[in-house]
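User: Please take a close look at one part of this model for me. I would like to follow a single residue first, then see what lies around it in your account.

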Amino acid sequence: MPVSDSLVVLPPGKVADIVLTGQLGAGHQLKLRTTGGRNMDEHNKGSISDEELQRKLYEKRVKNFSLNLTDNSMEEPPAEADDSALNSYSDPREKELGERQAPAQSKETQKRLKKAAKRRNKEKSRGNRRFFRLVWLVMVVLVSIIAGRYMVDGVNDMLAVGRSSVDVSFTVEEDDTTAKIAQKLKDGGLINNESFFKLYATLTKAGDTYTAGTFELNTSMDYQAIISELQTPRSTREQVFVTIPEGMGVLELAGLLEEKGVCKAADVLELCKSRDFDGDFELLAQIPAESERPYHLEGYLFPDSYYFYKDQDVTSVVKKLLRNTNDKLTKALRDQIAETGMSLDDFLTLASIVQRESADDEDMYLVASVLLNRLNNVGYQNIYTLDCDSTQYYPYRSPAAIPDDLKDSFEPLEAYNTYRNRGLPPGPICTPSMAAIEALLDPAKTNYYYFCHNPETQEAYYATTAAQHSVNMQKAGLR
């Protein structure tokens with residue numbers, strides 16, 4: 001815009017600063033400043049016309065003007081003017097109003113955002129509470145169901161509900177605690193819930209004082225009856241310690257039990273012929289139903305040492321023997337036997353022959369090798385049968401073992417004759433030891449098809465051919 005000027009007349013002796021402001025363009029300002037005037041009396045000296053005086057004053061005024069440019073006058077103009085800056089045509093009140101409104105709008109927005117966040121948090125909190133209440137409810141229901149089931153099963157076991165009546169021989173050692181007693185009772189089939197028995201003993205303050213010895217318990221007895229029986233001092237009832245040797249058959253075992261005064265041999269043999277225990281022991285149920293074996297339990301009465309009472313119930317005696325066999329033939333061991341490709345009954349049958357034919361535990365590995373070679377290579381060197389003397393006179397070991405009163409009438413069981421019949425006999429001829437079982441699981445690797453033993457020294461001889469075997473028979477004093 002054009003610079004305007006005006007004449008200011010001051011009284012004599014006064015000084016004035018005059019600033020003229022003008023707009024030279026975007027971002028530029030022009031400031032004109034004049035300082036002080038002198039005493040106007042100086043201008044009155046001499047005779048100067050008014051017109052001349054005004055001209056001189058004007059020239060002097062122009063001469064004393066100074067041009068000041070602001071620091072930003074030489075900078076490049078901004079690409080876009082700031083709407084918020086004041087300009088020559090803006091109203092300062094509008095800027096002030098905008099500055100007051102902007103914070104007000106920002107505060108209002110923040111309040112709305114805070115309220116919205118608060119609402120979301122409340123909704124989320126309510127959702128979380130509902131979720132955790134549901135989880136808590138489900139947990140309470142599940143725990144209640146489990147606890148209820150545990151209590152029902154425990155009470156039924158405590159009262160012996162649904163258990164059949166079977167006599168069981170139970171032995172308590174000197175240092176047996178309630179925990180050990182509970183475990184042995186469960187293993188013996190007298191209780192089903194070991195933890196509930198311990199809980200019952202704790203709640204009834206039964207303590208750990210039990211009477212050492214062997215007791216005759218029944219599976220129909222409740223917890224209190226069992227504890228009372230085991231904690232009551234026993235009257236002096238005679239016990240017998242019986243050791244059943246390895247390789248003993250049913251006939252010999254029955255005679256041994258009668259000799260020790262445990263039970264009658266005839267009663268033992270009668271039970272050994274029956275299938276009364278098949279429902280209690282899975283290993284018996286797998287025995288073929290149609291079998292020519294005279295004693296169903298032959299091979300399943302484990303050789304070991306036992307405590308019995310004098311004149312003990314024969315059922316509890318036989319069941320005790322079967323339970324020990326079941327414990328010895330663990331699941332892991334049965335799985336190993338299954339890997340051989342033989343059934344458990346066939347395996348025990350072959351193991352019983354290894355037991356009877358071997359001189360000692362070391363000899364069992366070689367005898368097992370010979371028998372397996374014959375079974376797996378039928379027809380090799382015209383060999384078709386096992387040819388084992390131990391099977392010829394079953395249920396006796398040898399002709400010498402046949403009772404005198406039966407020698408004239410005894411007829412060997414043809415099905416057990418391994419000289420005439422191929423393969424295995426109908427069943428075991430005795431109960432094999434763990435050594436015989438282990439030897440059959442891991443036999444020696446040989447090419448032997450024959451063996452014999454010196455009857456006096458029990459020295460063993462092995463051969464691959466019939467000719468070699470004939471020489472060995474002479475060495476062993478058998479020819």
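Analyst: Start with Arg 133. In this predicted model, Arg 133 sits in helix α2, which covers residues 92-158. Is Arg 133 buried or exposed? Its relative accessibility is 55%, so Arg 133 counts as exposed. The cut-off for that word is over 50%.

Arg 133 belongs to a patch of positive charge on the surface. The other members are Lys 118, Lys 122, Arg 126, Arg 129 and Arg 130.

Now turn to the opposite charge. Glu 246, Asp 360, Asp 361, Glu 362 and Glu 438 form a negative surface patch. Take Asp 360 from that group. Asp 360 lies in a loop. The loop runs between α11 (344-357) and α12 (361-376). Asp 360 has a relative accessible area of 42%, so Asp 360 is partly exposed. Arg 133, at 55%, is classed as exposed.

Next, the cysteines. How many disulfides does the structure hold? The count is 0. Cys 263 shows why a bond is missing there. The closest cysteine sulfur to that of Cys 263 belongs to Cys 272, and the two are 9.5 Å apart, too far for a bond. A disulfide needs the sulfur atoms within 2.5 Å.

Cys 263 is also buried, with a relative accessible area of 10%. Cys 430 is buried too, and its value is 0%. Buried means under 20%, so both values fit the word.

Key:
Residues are numbered from 1 along each chain as its sequence is written. This is a predicted model: local features need pLDDT of at least 70, side-chain atom pairs count only at pLDDT 80 or more; totals for chains, interfaces and linings use all residues. Side-chain values use heavy atoms; hydrogens and water are left out. Patches are made of residues with over 30% relative accessible area and no salt bridge: like charges are joined within 9 Å, nonpolar side chains (Val, Leu, Ile, Met, Phe, Trp, Tyr) within 5 Å. Accessible areas come from the Shrake-Rupley method with a 1.4 Å probe; for residues, only the protein chains shown count as cover. A salt bridge is a side-chain nitrogen of Lys or Arg within 4 Å of a carboxyl oxygen of Asp or Glu. Lys and Arg count as positive and Asp and Glu as negative; His and the chain ends are not counted. The place of a charge is taken as NZ of Lys, CZ of Arg, CG of Asp or CD of Glu. Helices (H or I, at least four residues) and strands (E, at least two) are DSSP runs, numbered from the N terminus. Buried means under 20% relative accessible area, exposed over 50%, partly exposed in between (1.4 Å probe, protein chains only).
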